[in-house]
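Me: I should like to work through this model by question and answer. Please reason from the coordinates in each reply.

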Amino acid sequence: MLKKRIIPCLDVDNGRVVKGVNFIDLVDAGDPVEQAIIYNAEGADELCFLDITASSDNRDTLLEVVKKTAENCFIPLTVGGGVRNLDDISRLLHFGADKVSINTAAVDNIDLVAEAANKYGSSTIVIAVDAKETVENQWKVFTHGGRKETNIDVVTYCNEVAKLGAGEILLTSMDRDGTKSGFDNKLLKAVTSKVNVPVIASGGVGNLSHLLDGILEGEASALLAASIFHFGEYSIGEVKRYLADNNIPVRI
Amino acid sequence: MNLAIINFGSGNLHSVHKAFESVSLDLSNPYNIIVTNDPKEIQSADKIVLPGVGAFGDCKNAILNIEGLHASLEASVIKNKVPFMGICVGMQLLADLSYEFGTHSGFGWIPGEVRRITSPKEYKIPHMGWNEITFSDHKLFDNCEQGSDFYFVHSFYFQNQKNEHSIATTKYPDQITAAVCKENICGTQFHPEKSHRNGKKIIHNFLEWKP
């Protein structure tokens, strides 16, 4: 049976982890490669780096991080943040990313989704969607790190990018992100019930039951979490054992 | 010993290279691993790996567009029986035919066709993530446990014409070929380079394989 995936996500700024973990055996809590190696050893199913480096001049710092991670972690690595065009994707893949996530650039130019999927394969292209509930049970796509509202309906948009060749959708609830009040399972369900590609749930995890709800209520294929892992509240192993105890298929 | 990883512009070459390098370095006699599309280097290789992500037709065309590449692969693998491993689309290319975005001919090294996965609506496509495999007795699965998980990501699968060429299967929900083998030619639908410890076992076994 296909397993539900647990994906720790690291925000990387100028090649350093933001809000890093203080694992006991970590020499440098700001080094994303070291943290990735630990998550890999703990049984993470995939890894995700989100580059939040403000200046594009400093983006190359991420490439070195990607390269070193790929040399040490033999699980899929998704990299996103500031991906604008095919050259950006090509560079990240060349340095060792397995998947590249595209956010604002796909909204600005929907053709990029098809071009990227045709060139690198659907399996490589993740479309990241930042969603906010604007009217009850209606969600709009936001861009530029959530600062800019569009008039695009999230479910319609997810369907469109899936048809154009996106292999997966990384769906973040802006309403829940950072609140630790659980995933927006209504949003998740609205998308997973209509869209035929895997959906990664993101935004709002605060405890173990939130993860279970994301699968049972949101019907997500994978769960992305940052802070619950970074601050050492739960290990990947604990999360998986909890899900397994609740009859969710996970890779142990 | 030389191991050639074929570079025809496919995406995750770096991942494949690093995984094979990492496993090889643990052997008493590590391989000299080269990433290449040079027919001369390919013909001097003792083992050949063909990775592949993307669409079948694009991968096939990319290979045909590199002068001498296809011919050197045929010479090594078919004529000289050099051990060969295809990964994902690199494995599907072994088939006679694929129906991905039109109809495309493959290498025709292992009889069968590449078809779209048909599954009930609750099964998302691509088949993406960790899934367990059942395998038959084969060197490639030495020290592996039945039911262990490997990382898959694909929307099409290899329908073998002969059961004997399918050496491992997975379920989504119907049975899907997870690995193939015919004489010196093997291939995996899953990505050993992304399948953590289990994947490293497969790579190790391939490096030690003497078909």
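Me: Which residues does A:Leu243 touch, not counting residues up to four places away in sequence?
Reply: The model is a predicted one. A:Leu243 belongs to the largest nonpolar core, which has 76 residues, and is among the five that touch the most other members. With residues up to four places away in sequence left out, the residues touched by A:Leu243 are A:Ile6, A:Leu211, A:Leu212, A:Ile215, A:Leu223, A:Ile248 and A:Val250.

Me: Which element gives the most to this core?
Reply: Besides A:Leu243, the residues that touch the most other members of the core are A:Ile102, A:Ile127, A:Val154 and A:Leu171. Another core, of 64 residues, lies apart from it and includes B:Leu3, B:Leu50, B:Cys59 and B:Cys181. The element that gives the most to the core of 76 residues, with six residues, is H6(A).

Me: What covers the buried residues of H5(A)?
Reply: Helix H5 of chain A spans residues 111–120, and its buried residues are A:Leu112, A:Val113, A:Ala114, A:Ala116, A:Ala117 and A:Tyr120. In an α-helix there are 3.6 residues a turn, so residues three or four places apart point the same way. The cover over the buried residues of H5(A) includes helix H3 (86–94), strand E5 (99–102), helix H4 (104–108), strand E6 (125–135) and helix H6 (154–164) of chain A.

Me: Is B:Ser24 buried or exposed?
Reply: B:Ser24 lies in helix H1 of chain B. Beyond its neighbours within four places in sequence, B:Ser24 is in contact with B:Pro30, B:Tyr31, B:Ile33 and B:Leu207. Because its relative accessible area is 1%, and the cut-off is under 20%, B:Ser24 counts as buried.

Me: What separation do the C-alpha atoms of A:Arg176 and A:Val205 have?
Reply: A:Arg176 is in the loop between strand E9 (168–173) and helix H7 (185–192) of chain A, and is partly exposed at a relative accessible area of 26%. Setting aside neighbours within four places in sequence, its contacts are A:Ser181, A:Gly182, A:Phe183, A:Asp184, A:Gly203 and A:Gly204. A:Val205 is 29 residues apart from A:Arg176 along the chain, and their C-alpha atoms are separated by 8.3 Å.

Me: What is the area buried between chain B and chain A?
Reply: The interface brings 31 residues of chain B into contact with 36 residues of chain A. In chain B, the residues that lose the most area to chain A are B:Lys124, B:Met128 and B:Trp130, together 26% of what that side buries. Carbon and sulfur atoms give 54% of the buried area, which is about 2,800 Å².

Me: How many residue pairs are in polar contact across the interface of chain B and chain A?
Reply: The interface also has three salt bridges by the rule. In one salt bridge, the side chains of B:Lys194 and A:Asp98 meet at 2.8 Å, N to O. For polar contact, with both residues at pLDDT 80 or more, the number of residue pairs is 18.

Me: What is omega for the peptide bond from B:Ile125 to B:Pro126?
Reply: B:Pro126 is placed in the loop between strand E7 (112–116) and E8 of chain B. A cis peptide bond also joins B:Tyr172 and B:Pro173, with omega about -25°. The bond from B:Ile125 to B:Pro126 is cis, and its omega is near 5°.

Note on methods: Residues are numbered from 1 along each chain as its sequence is written. Chains are lettered from A and ligands numbered from 1 in the order in which they are written. This is a predicted model: local features need pLDDT of at least 70, side-chain atom pairs count only at pLDDT 80 or more; totals for chains, interfaces and linings use all residues. Side-chain values use heavy atoms; hydrogens and water are left out. Contact means heavy atoms within 4.5 Å. Buried area is the accessible area (1.4 Å probe) that two parts lose on being put together, summed over both. A salt bridge is a side-chain nitrogen of Lys or Arg within 4 Å of a carboxyl oxygen of Asp or Glu. A polar contact is a pair of N or O atoms within 3.5 Å; within protein, one must be able to donate a hydrogen and the other to accept it, and residues adjacent in sequence count only if both atoms are side-chain atoms. Helices (H or I, at least four residues) and strands (E, at least two) are DSSP runs, numbered from the N terminus. Buried means under 20% relative accessible area, exposed over 50%, partly exposed in between (1.4 Å probe, protein chains only). A nonpolar core is a set of buried Ala, Val, Leu, Ile, Met, Phe, Trp, Tyr and Cys residues joined through side-chain atoms within 4.5 Å.
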